[in-house]
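The following exercises concern one molecular structure. Each task is followed by a solution in steps.

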Amino acid sequence: MFDKIFSDHMTALADEVSSAAWLAPAAKVRARGDRRRIQLTGAVAVGAGVLTATTGVVMASGGPTIGTGGPRAIPDTLVMPHEGDPRWDRDDNPRIASVFNPCGGEDPTLAGRTDARTVSGVVPQGDQDPVPLVVTTQLFLFRTNEAAEAAITELSRRSEADCGWFGGWAPTMGLGQFVVLARTMYPHEDHRPRMAVAVRKGNAIYVSHIESNSGSVLDPLFEYEAAKEMNRRLCEALGLCEPLTCYFRSPMPGPTASLTANPTQAPLDHWRPYPCDQNPSDVASPDLASPGPTPESPGESRPPIQNPRIAPVITEVTRQSEGVVLLRWTSVHPDAAYFIVRVGGDPNLPIASVYNASFVVLTNLPPLDGSYCFQVIADVGRERGVSQTRCL
Amino acid sequence: MRVVDVRDSASFDEFYASTARQAVAYVYAVTGDLAEAEDAVAEAYARAWQRWARIGAYEDPAGWVRRVAYRVAVSSWRRTRNRVLAHRRSGPVSPVPELNPDTVAVVEALRQIPAVQRRAIMLHYVFGLSVQEIADETDSSVSAVKQRLSRGRQALAPLLGEETVEEVDLHA
């Protein structure tokens, strides 16, 4: 008897509180998650190769500006994240190697460098059964903004160089415009996953590098708040002040337009800043939310011409980790747009589109009992070629 | 190279709309702070969205969110707990003005029992979890959960105007 009364009491409480509770719109909740999500999503590497070649143009076309004369030495007033924490080490060697150096070889951060500070330690990751991660944060100062830009551009280039890492420019992360995010591919030679983010502010580059000794999957959120905090400290201690603006890619010209445009310049006008506390889709045109122009886009009154001669050949489908798949195909035209279709999806619509690329990493694919199957559709002008289906 | 996120926002939004309010009620019942509960639940769902491809496929994604929301709430709740206790000593805390007197009485009663008992009681009576399921969710033993439910019920009975508590089979 009392059990029933008790249940009624608790259910009434839950019902009433449920009614009184204020809930943020789902889109806002997703945006909250996305803002702090250090992972290679969406626009992280969209057109990364293009941006690599012309970042100076992006800066000149409306990005935040920091004076060209930056500090040459790191003052004691600047405290790095974790600095002073128990069992964390600090190294002030100005010529220390960058812990983030995809592909190895000559350290791209040494040229023009005037000072450095390194703080490293071990911290646990995970709410349940935490695993130890080796975290290294580094701050490099350069003689000029241009030297810093050259260094981070090279880091981005190497992240895309298919030498065991994947990533590239990540202006949508909310850490600024000149941000590189990368992580190692799976499987790793030494079974030690690594992830790194590098942020350039004026003549400074801040690097946060995470490495797992246990082979566990790295939490993309890890150290994000520290990176944001570092932005504030760089402003306070070094005068390198820049708001944490987010960037999104505004609609790209369609494949037809790209045939007549210089592909190394066209996308540079398509990065736009927006307040990080908003969802880009709330401040941009509806086209932004779409993966790009589709063959069925409004305005395409004539059906595309099927041309088997421009059908890509899928050369690789590799599972990188849970829900992450690497897909490669043959390039059919330097100005082709490629649409990736998950065959067996609901429905079989493109889940991604890329330009002038021959591979893509799909993240957050839903777990499947069976296989992932894909097709790649090449779109060149008004012609279209469809690959054979390839399954994982 | 391009990296593309293919999470399903529609399924997340549907999940959020159908489960978030009850999650707020649960966290509120445990912490006694509605604003804190709302924020903790929002944080938990934001984390769920970050991992939605995996969590959306769970058998009980709501359970995952509930556990995370609880941890988020408790971690911040502990920081302010002393302040709240001090405030409570100076007079009764007004829980939520919009709640009716009966609900306020339940909330006040819940506040007088330990948090672990509150949590077990809410999971059992609101979400209908079995003792075994509560044990799994709270990382406790079955016997500990039985004890918490029993003691919680014993403590709440007089506070809710009931003289005695019949022992019932908690179908572990």
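A nonpolar core is a set of buried Ala, Val, Leu, Ile, Met, Phe, Trp, Tyr and Cys residues joined through side-chain atoms within 4.5 Å. The model treated here is predicted.

**Exercise 1. The nonpolar cores**

Task: Identify the residues of the largest nonpolar core that touch the most other members, and describe the contacts of A:Met10.

Solution.
Step 1. The largest nonpolar core has 60 residues. Those touching the most other members are A:Met10, A:Leu13, B:Tyr16, B:Tyr45 and B:Leu156.
Step 2. Helix 1 (residues 9-31) of chain B supplies the largest share of this core, namely twelve residues.
Step 3. When neighbours within four places in sequence are set aside, A:Met10 contacts B:Val106, B:Leu110, B:Ile121, B:Met122, B:Tyr125, B:Val126 and B:Leu156.
Step 4. Another core, of 26 residues, lies apart from the largest one; among its members are A:Leu78, A:Leu133, A:Leu175 and A:Ala227.

**Exercise 2. Three salt bridges**

Task: For the salt bridges A:Glu236 with A:Arg232, B:Glu137 with B:Arg66 and A:Arg90 with A:Asp76, determine where the partners lie and whether they are buried or exposed.

Solution.
Step 1. The structure contains 19 salt bridges over all chains.
Step 2. In the pair A:Glu236 and A:Arg232, the closest N and O atoms are 2.5 Å apart. Both residues belong to helix 6 (residues 224-238) of chain A; because they are four residues apart there, about one helical turn separates them. A:Glu236 is exposed, at a relative accessible area of 58%, while A:Arg232 is partly exposed, at 40%.
Step 3. In the pair B:Glu137 and B:Arg66, the closest N and O atoms are 2.7 Å apart. B:Glu137 lies in helix 7 (residues 131-138) of chain B and B:Arg66 in helix 4 (residues 61-89) of chain B, so the salt bridge ties together parts 71 residues apart in sequence. The cut-off for a buried residue is a relative accessible area under 20%. B:Glu137 has 5% and is therefore buried; B:Arg66, also with 5%, is buried as well.
Step 4. A:Arg90 and A:Asp76 meet at 3.9 Å, N to O. A:Arg90 is in strand 1 (residues 89-91) of chain A, and A:Asp76 is in the loop between helix 4 (55-60) and strand 1 of chain A, 14 residues apart. A:Arg90 is partly exposed at 37%, and A:Asp76 is exposed at 67%.
Step 5. Through shared partners, salt bridges join A:Asp76, A:Glu83, A:Arg90, A:Asp92 and A:Arg117 into one network.

**Exercise 3. The surroundings of strand 6 of chain A**

Task: Explain why strand 6 (residues 194-201) of chain A is described as largely enclosed, and state how it pairs with strand 5 of chain A and strand 7 of chain A.

Solution.
Step 1. Seven of the eight residues of strand 6 of chain A are buried; therefore the rest of the structure largely encloses this strand.
Step 2. Strand 5 (residues 179-184) of chain A pairs with strand 6 of chain A in the antiparallel sense, over five bridges. A:Ala182 has A:Ala196 as its bridge partner.
Step 3. Strand 7 (residues 204-212) of chain A also runs antiparallel to strand 6 of chain A, and eight bridges join the two. Here A:Val199 stands opposite A:Tyr206.
Step 4. Strands 6 and 7 of chain A form a hairpin with two residues between them. In the turn, A:Gly202 has a positive phi of about 60 degrees.

Technical notes. Residues numbered from 1 in each chain as written. Chains lettered and ligands numbered in written order. Predicted model: local features only at pLDDT ≥ 70, side-chain atom pairs only at ≥ 80, totals over all residues. Heavy atoms only, no water. Salt bridge = Lys/Arg side-chain N within 4 Å of Asp/Glu carboxyl O. Buried < 20%, exposed > 50% of the residue type's maximum accessible area, 1.4 Å probe, protein only. Pairing = 2+ DSSP bridges. Contact = heavy atoms within 4.5 Å.
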